[in-house]
Amino acid sequence: MTQPYVKQTTDNGIATIEFFHPAHNSLPGDILDKLVDAIRQAGTDENIKVIIIKSGGDRTFCAGASFTELININDAETGRVFFSGFANVINAMRKCPKFIIGRVQGKAVGGGVGLAAATDYCLATKFASIKLSELNVGIGPFVVGPVIERKLGLSGMSQIAIDANSFYEAEWARQKGLYARIYNTTEELDAAVHEFATGLCQYNPEAMKEMKGIMWQGTDHWDTLLAERAAISGRLVLSDFTKETLKRFK
């Protein structure tokens with residue numbers, strides 16, 4: 001079994017941050033921490049002009065929270081710390097002074113949708129359907145909610161949050177603004193991502209930094225907001241409902 005990883009490569013001003021986990025690219029705490037470090041490092045590197053975030057493998061982009069870790073949460077503080085991992089990644093992407101391009105080759109679930117929504121420009125394949133399944137296990141998309149609402153609007157976010165059993169097609173996500181463009185194959189997607197990132201490298205870095213700041217206006221309170229949301233999830237994951245539901249995943 002391939003080991004989980006986060007790795008970064010840089011080529012001609014483009015930093016590619018890739019994460020992988022054998023369990024459908026789910027995100028345990030250590031992988032989330034490594035993502036934060038990689039995003040912050042790339043954001044401060046003067047040789048890097050644009051960042052691509054992608055996952056390994058060719059099926060699922062990201063299955064969200066690690067169920068193995070969720071099952072083992074037995075107190076509210078551990079729960080808060082776990083869900084803060086997603087908050088920290090979203091905030092690192094939000095504060096990063098460089099444009100972040102998302103490359104979504106397959107399904108995104110829960111926190112994976114949040115990750116896609118936190119990118120500044122996201123390209124995907126037609127297989128990149130999305131689902132917010134949190135309500136299914138007795139919690140809710142509290143931490144990722146604000147960043148998904150920012151992209152899909154309150155109506156779109158509410159629709160997928162309440163309809164927690166359903167996958168929504170990539171085209172639906174494109175119409176709502178999560179994806180900018182959709183491609184038929186991963187090969188086409190990769191070519192488009194590379195071409196788009198290369199094009200961005202020709203622009204004035206200062207202009208892109210100023211644009212990013214303007215696009216994320218109104219989110220300065222997210223350090224506090226997402227921490228509060230992580231505490232809600234950390235409390236709910238201890239509920240009898242959630243504990244019983246998670247037993248099915250053991």
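In this predicted model, T60 touches H24, N25, S55, Q105, G106 and K107, with residues up to four places away in sequence left out of the list. T60 itself sits in the loop between strand 4 and strand 5. The relative accessible area of T60 is 17%. T60 is therefore buried, as the value falls under the 20% limit.

One of the contacts of T60 is H24. H24 belongs to the loop between strand 2 and strand 3, the latter spanning residues 26-27. H24 is exposed, at 56% relative accessible area. The backbone of H24 stands out as well. Its phi is near 55°, a positive value in a residue other than glycine. Most residues other than glycine have a negative phi. N12 also departs from that pattern, with a positive phi of about 55° although N12 is not a glycine. N12 is placed in the loop between strand 1 (5-11) and strand 2. With a relative accessible area of 67%, N12 is exposed.

Charged pairs were examined next. Side chains of opposite charge can pair when their charged atoms come close. With a cut-off of 4 Å between nitrogen and oxygen, the model contains seven salt bridges. Among them is the pair K54 and E18, with an N to O distance of 3.8 Å. K54 belongs to strand 4 (residues 50-55) and E18 to strand 2 (residues 14-20). The pair therefore ties together parts that are 36 residues apart in sequence. Both K54 and E18 are buried.

A salt bridge also joins D223 and K95, at 2.8 Å from N to O. D223 is part of helix 9 (residues 222-236), while K95 is part of helix 3 (residues 76-95). The bridge thus links parts that are 128 residues apart in sequence. D223 is partly exposed, at 37% relative accessibility. K95 is partly exposed too, with a relative accessible area of 48%.

K212 and D120 form another salt bridge, with N and O 2.7 Å apart. K212 lies in helix 8 (residues 205-215). D120 lies in the loop between helix 4 (111-117) and strand 8 (121-125). Because of these positions, the pair ties together parts that are 92 residues apart in sequence. K212 is buried, at 2% relative accessible area. D120 counts as buried as well, at 15% relative accessibility. Elsewhere, R94, K95 and D223 are joined into one network by salt bridges that share partners.

Empty space was then mapped. Rolling a probe the size of a water molecule over the atoms shows where empty space is left. One cavity of 30 Å³ or more is present. The largest cavity has a volume of about 30 Å³. Its lining consists of L32, F86, V89, I90, G111, G114 and L115. Helix 3 and helix 4 each supply at least two residues of that lining. By class, the cavity lining has five nonpolar and two polar residues. No charged residue lines the cavity.

The largest pocket has a volume of about 630 Å³. It is lined by 33 residues, and the closest to its centre are A63, A65, F67, L70 and S133. Strand 5 (64-65), helix 2 (67-71) and helix 3 are the elements that give two or more residues to the pocket lining. Helix 2 makes the largest contribution, with four residues. The pocket lining has 17 nonpolar, 13 polar and three charged residues.

Several elements recur across these results. Helix 3 holds K95, the salt-bridge partner of D223. Helix 3 also supplies at least two residues to the lining of the largest cavity, and gives two or more to the lining of the largest pocket. Strand 4 holds K54 of the bridge to E18, and the loop between strand 4 and strand 5 carries T60. Strand 5 in turn gives two or more residues to the pocket lining.

Methods: Residues numbered from 1 in each chain as written. Predicted model: local features only at pLDDT ≥ 70, side-chain atom pairs only at ≥ 80, totals over all residues. Heavy atoms only, no water. Salt bridge = Lys/Arg side-chain N within 4 Å of Asp/Glu carboxyl O. Buried < 20%, exposed > 50% of the residue type's maximum accessible area, 1.4 Å probe, protein only. 1 Å grid on protein atoms, 1.4 Å probe; cavity = no way out; pocket = protein on both sides within 12 Å on 5 of 7 lines; lining within 4 Å. Points joined across faces, edges and corners; volume = space filled by probe spheres on them. Nonpolar A, V, L, I, M, F, W, Y, C, P; charged D, E, K, R; others polar. Contact = heavy atoms within 4.5 Å.
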